[in-house]
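Reader: I should like to learn how a ligand site and its surroundings are read from a model. May we proceed feature by feature?

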Amino acid sequence: MRDKISHYLQQHLTGEVMTSKDALDYFATDASILSLRPKVVVYPRNSNDVRKIARFTWQLAERGHVIPVTARGKGTDQAGAALGEGIMVVFPAHMNKILELDKEQVTIQPGILYSKLEQALHTHYRFLPPYPSSIEFSTVGGALANNASGEKTVKYGDTRKYTKSLSVVLANGELIETRRLNKRELSKKKGQTNFEGEIYRTLDGLIDDNIHVIEKMNQLTVTKNSAGFAMNKIKDSKGGFDLTPLIVGSQGTLGLITQATLDTESYNPNTTLCMAYFDDIEKAGQAVMKLKGIGPSVMEVIDEHLLDFVEHHNPSQIPEVISKPFPKVIMLVEFDDLSETAQRKNTKKAKKVFDELAYEYQVTKEEYEKDMLWRIRHFAASIVWQNVGVTKALPFIEDGVVPPEKFSQYVDRAYKLFAKYNLDVAIWGHAGDGNLHMQPFLDLSSVGDRQRVMKIADDYYAIIEELGGSSSGSHNDGRMRAPYLPDVYGKEVYDLFVKVKTIFDPYGTLNPGVKLFTDKKLIHKMIRKSYSVEHLYDHMPRT
Ligand SMILES: Cc1cc2nc3c(=O)[nH]c(=O)nc-3n(C[C@H](O)[C@H](O)[C@H](O)COP(=O)(O)OP(=O)(O)OC[C@H]3O[C@@H](n4cnc5c(N)ncnc54)[C@H](O)[C@@H]3O)c2cc1C
């Protein structure tokens, strides 16, 4: 079967088609702890290639042969969403261009490296704010598909907010453009006799029939959320209808993105950076809420365990500004207001908060000093890429988000969880959004540790649920978090997700097993026996 698929694709595509062992091995892992080997790897040159792949797999599926199609950026996904056992469609090789750049918007192909796009935007004093920490080694297509967000999201919001329109190849190979439609435009779409028309008709009906169920999605009061399908963002109060917010965050399970037009913001590198030290998690939590009201552009934390870890393994990476005993929490707070006066006023307000709640802090506008302070955050996070004996910090519960006012409870409950399992853990992340990253140290070559993975995940997601949070703030569901999705929104909403998937992908060819239709046993079988992100080592690690 593999030979038939690759021969067909080689004959019909302009992009390269590979089945060599090296290529299949390379694409059998992403940055998650899972592994799944594709049958064929394809490097599309244009959207026509992508259309032909989808049309081919649709026709096979009509005859009962389901060949999964998985879109791939740089494979930095930490939940196994960039893995598939069928055709791997790799965008960065050719579909990596900036197509148009105007004053406030940019149109790109999905395979462009995020940092390359930012570089181009910076030269025009613009930027795309929701860049992930993996900016140097991930694509904008991956960020769109994951609804990625990062350190600036506390002020600017997530990827969905910045996405104006998309070109998307549907499961049957049709190419559609998504954007906000008014009532007249929507009814025109619904009148079409093709697959696109069918999607608009069925989806509009599904939303109208289930409006009260969909409203339940709004009960989660988290400030960022990538779990599930954004069904609550398709229709707006003015009668607008837009598939764009639904496709963003759908991880290639509803369609393949071949082009995107994105809004950008004014970029101000002339920021003020504060670093505050807290001896008490509770006080840090209170500071988060007070600072949020001031409107910082960054509010990041790292905990003492991470500092201890860095000190133990790479003491020279701890800058002189931090001495022992380490603070319980270090918080980085940045203001990037374009007006100098506003920046000064906001910094003054932040200082008042630090005077009240932190035991020490520093504030700077000097580039060198800012780099030194950021170094603490970036170096601390990079250290978790290293082995500690046979164990390694593993990303499998790395992205839970809770309402920001629950920050201190979240940290406290996490510490208790890891104490229960007698595990070392490093905690850091986006305090302003209640979105923390934590990676317990385990040895995947040990059967016992592999078995502990899903047990720890069960306990962890139970905590997130109790705190009214979501299993994923930005990294998305992928495979690892798919079994927990029904608990995030409840069964009624989950059943609607299943219906949405069936509308877009009736044969289940688009990235199956991601977001939906997987279980813990299947995932357990995919867990690798050793973890490495070696395909990312030519870049500076940042998490
Ligand atoms: C060290 C580290 C730090 C990270 N920090 C962050 C962070 O701060 N914030 C954050 O949100 N994430 C973060 N991530 C996760 C990940 O890097 C990002 O979400 C990133 O945007 C994924 O981009 P990628 O190019 O690697 O996508 P991939 O991993 O290749 O793919 C991710 C998903 O997108 C889909 N996809 C890719 N291209 C397309 C397309 N053209 N059409 C449809 N679907 C597509 C894939 O099928 C998959 O489901 C981090 C990961 C690592 C390893």
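Reader: How many nonpolar, polar and charged residues are in the shell around the ligand?

Author: This is a predicted model. The shell is sorted by residue class, and here the classes are 14 nonpolar, 19 polar and four charged residues. Of the 37 residues around the ligand, those that come nearest are A71, G73, T76, S134 and S149.

Reader: Which polar atoms lie at short range from an oxygen atom of the ligand?

Author: A polar contact is a pair of N or O atoms within 3.5 Å. A backbone N or O atom of S133 is 2.8 Å from a ligand oxygen atom. In the side chain of N146, an N or O atom lies 2.9 Å from an oxygen atom of the ligand. For Q251, a polar backbone atom is 3.3 Å from a ligand oxygen atom. On its own the ligand has 970 Å² of accessible area, and the protein covers 99% of this.

Reader: Which elements give two or more residues to the shell around the ligand?

Author: They are β3 (69-72), α5 (140-146) and β10 (256-263). The largest share, five residues, comes from α5. As for the space taken by the ligand, it is the largest cavity.

Reader: How is a pair of aromatic rings described?

Author: Such a pair is described by the distance of the centres and the angle of the planes. In this structure, the count comes to 15 aromatic pairs. The ring centres of Y8 and F56 are 4.1 Å apart and the planes are at 5 degrees, so this pair is stacked.

Reader: What does the pair of Y8 and F56 tie together?

Author: Y8 lies in helix α1 (residues 2-12) and F56 in helix α3 (residues 47-62), so the pair ties together parts that are 48 residues apart in sequence.

How values were computed. Residues numbered from 1 in each chain as written. Predicted model: local features only at pLDDT ≥ 70, side-chain atom pairs only at ≥ 80, totals over all residues. Heavy atoms only, no water. Near = heavy atom within 4 Å. Polar contact = N/O pair within 3.5 Å; in protein donor to acceptor, adjacent residues only side chain to side chain. Areas by Shrake-Rupley, 256 points an atom, 1.4 Å probe, with all protein chains shown as cover. 1 Å grid on protein atoms, 1.4 Å probe; cavity = no way out; pocket = protein on both sides within 12 Å on 5 of 7 lines; lining within 4 Å. Sits in = over half its atoms within 2 Å of the grid points. Helix = DSSP H or I, 4+ residues; strand = E, 2+ residues; numbered from the N terminus. Nonpolar A, V, L, I, M, F, W, Y, C, P; charged D, E, K, R; others polar. Phe/Tyr/Trp six-rings, centres within 6.5 Å; stacked < 30°, edge-to-face > 60°.
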